[in-house]
Amino acid sequence: MIESLLVANRGEIARRVIRTAKRLGIRAIAVYSEADADLPFVAEADEAVLIGPPNPAQSYRNVEAILAAAKSTGAQAIHPGYGFLSENAEFARTVEASGLIWVGPGADAITAMGDKINARNLMAAAGVPVAPGTTDPAADLDAAVTAAAEIGYPVMVKAAAGGGGMGMGVAADEAALRTEYDKVRAFAERMFGDGSVLIERYFPRVRHVEVQILGLADGRVVALGERECSVQRRNQKLVEESPSPAVSPELRQRFLAAAVRAGEAVGYRNAGTVECLLDPATNEFFFLEMNTRLQVEHPVTEYVYGIDLVEEQLRVAAGLAPTFDPDALAPSGHAIELRINAEDPKRFLPGPGVIRTWVEPTGEGVRVDSGYTEGNTVTPFYDSLLAKLIISGATRDEVIERAKAAVAAFRIEGPKNNVPFFAELLENEEFRSGAYDTGIVSRMR
C-alpha cells in the first residue's frame with residue numbers, strides 16, 4: 001500500500017481523503033492556500049504545506065507548487081480530489097513523470113473523455129447510446145444552424161471542453177441558437193481555453209442518472225450501481241440518491257452494462273462516473289459525459305455497496321486487488337446526499353461570510369462530510385460547498401424521514417446557506433414520490 005499521500009485539494013474532499021488515508025496508516029499531507037490556513041483539513045493532516053495566495057491559479061492549480069510540496073515532504077502519491085487539477089491530463093502525466101503515483105485514471109483516458117465530441121464518438125463506437133448530435137465541432141454559426149435543423153429543435157449548445165454543468169445553453173429555435181452559440185463559445189474560450197462547441201438534441205423532461213465505475217488493477221471494469229442526480233440548479237447538482245427511484249432492475253442492467261463498455265473502451269483504471277440522460281417516457285438513456293475522477297456524490301454509493309471508494313482508489317493506484325469480490329456486488333438499502341452550500345436558498349446566489357454557529361446533525365444513518373466548522377470564514381475564491389449531508393437507511397421513505405430530522409437539526413449561522421431549501425424539498429410531493437426530473441427546482445421556484 002502507498003505509505004504517504006499528498007492531497008492536492010481543499011475543504012471537505014481533502015478531509016475525506018485524509019480520513020481514509022489515516023485509517024489505513026498512510027501519512028497524509030495537505031496543501032493549502034493563505035485563505036484556507038484555518039480550515040479543518042489543514043489541522044487534520046499529518047503535515048501541511050502553504051502553496052500560495054487565495055487565487056486558485058496561484059495555489060490549487062499551481063502544478064509547480066504542488067510538486068514542490070510533494071518533493072519537500074517525501075510524498076509517494078498524489079490524490080487530486082475533484083475539481084482543480086483532477087481532470088488535467090498534463091498534470092497526471094507530470095505527476096507520473098516525477099516518479100510519483102497518480103491516484104486516478106491514466107492521462108490517456110482523461111484526454112479521451114475530456115473533449116465531449118471525442119467522447120461522444122468513442123462511446124457511439126463502443127455501443128453506448130448517445131443523443132442525436134454533431135460528431136465534429138460546429139465550426140461557425142452557420143454550421144451550428146445547419147446541424148440544429150438536422151437534429152431538430154430544441155437543442156443543447158455545449159462547450160466541448162466543458163464540465164460540471166458549465167458552458168451549456170438551450171435553444172428552442174434558430175434565433176435563440178444564434179444567441180446561445182456566441183455566448184457558449186465565448187464562455188468556453190474564456191473558461192477552458194477551447195471555444196469548440198457541439199450541438200445535441202435537448203430533452204425538456206429528462207432525468208440525470210449516472211453510474212459509478214471502478215477500473216481495477218487487473219484490467220477489469222466494474223459498475224457500482226447508479227445515482228439519481230436530477231435535483232439541479234443551473235445544471236449543477238444539489239441532491240443525489242442511490243438507487244434511482246426511476247430505474248427498474250431491467251433498466252439498471254442496461255445502464256451498468258453500458259457504463260462498463262464505456263470504461264473498457266478507454267482502458268479505464270480507478271474511479272470514474274458515466275453520466276447519462278434518461279427519458280422517463282421511453283426509458284431510453286443517452287451518454288452525457290464521463291467524469292474521470294471521484295465524484296462529489298460518491299458517499300451514496302459507499303453506503304449502498306458498503307465500500308470505501310477512496311480506499312479502493314488507493315488500492316488500484318498501488319496495483320492491489322479490491323477489498324470486495326467483483327463478481328458478488330450487491331446493493332443494499334438507500335442513501336441520499338444533500339449538498340449544503342453557502343448560497344441564498346431562493347436564488348442560489350453565493351453568500352460568503354464568517355461562520356458564527358455550526359452544529360452538525362447526528363443520529364442513525366447520518367453522516368456529514370464538512371469542509372468548515374464554527375469560526376471559519378467562507379471566502380469568495382472557491383466553490384460554495386460547505387458540507388455534504390448523507391443519509392442512509394433500509395428504504396427511501398426511511399431515508400427521507402431521517403433527512404428531514406437531520407436538516408432541521410443542522411444549524412449554520414453567518415453565511416447564507418441552502419439548508420432551508422432542503423427542508424422545502426423533502427416535503428415536496430414530486431420529490432417524495434420519486435417521479436421528478438431536472439426541472440423540479442425551477443418548478444419549486
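Here are two exercises on the sheets of this predicted model, each with a worked solution.

**Exercise 1.** Find the strand order of the eight-stranded open sheet, then locate its edges and the helix that packs on the sheet.

*Solution.*
- Start with the pairing: the eight strands follow the order β13-β12-β9-β10-β11-β14-β19-β17, and they pair in antiparallel fashion.
- Next, look for strands that pair on one side only; these are β13 (284-291) and β17 (366-370), the edge strands.
- From one strand to the next, the twist averages 25°.
- Now zoom in on one edge: β12 (residues 270-279) and β13 run antiparallel and are joined by seven bridges. Within this pair, Glu-275 has Glu-289 of β13 standing opposite.
- Finally, add the helix: α9 (residues 249-265) packs on this sheet and touches β9 (207-215), β10 (221-233), β12 and β13. The direction of α9 makes about 110° with that of β10.

**Exercise 2.** Work out why one side of β7 and of β8 has no neighbour in the sheet, and see which helices pack there.

*Solution.*
- Write down the order first: β7-β6-β8, an open sheet of three strands with antiparallel pairing.
- β7 (168-171) and β8 (197-201) are at the edges with a single partner strand each, so one side of each lacks a neighbour in the sheet.
- The twist here averages 25° from one strand to the next.
- Take the β6 (residues 155-159) and β8 pair: five bridges link these antiparallel strands, and Val-155 has Arg-201 in β8 as its bridge partner.
- Helix α6 (residues 116-125) packs on the sheet through β6 and β8, at about 50° to the direction of β8.
- Helix α8 (residues 174-192) touches β6, β7 and β8, and its direction makes about 20° with that of β6.

Notes
Residues are numbered from 1 along each chain as its sequence is written. This is a predicted model: local features need pLDDT of at least 70, side-chain atom pairs count only at pLDDT 80 or more; totals for chains, interfaces and linings use all residues. Side-chain values use heavy atoms; hydrogens and water are left out. Two strands pair if DSSP finds at least two bridges between them. Helices (H or I, at least four residues) and strands (E, at least two) are DSSP runs, numbered from the N terminus. Axes are lines fitted to C-alpha atoms, for helices over the stretch in contact, and angles run from 0 to 180 degrees between N-to-C directions. Contact means heavy atoms within 4.5 Å.
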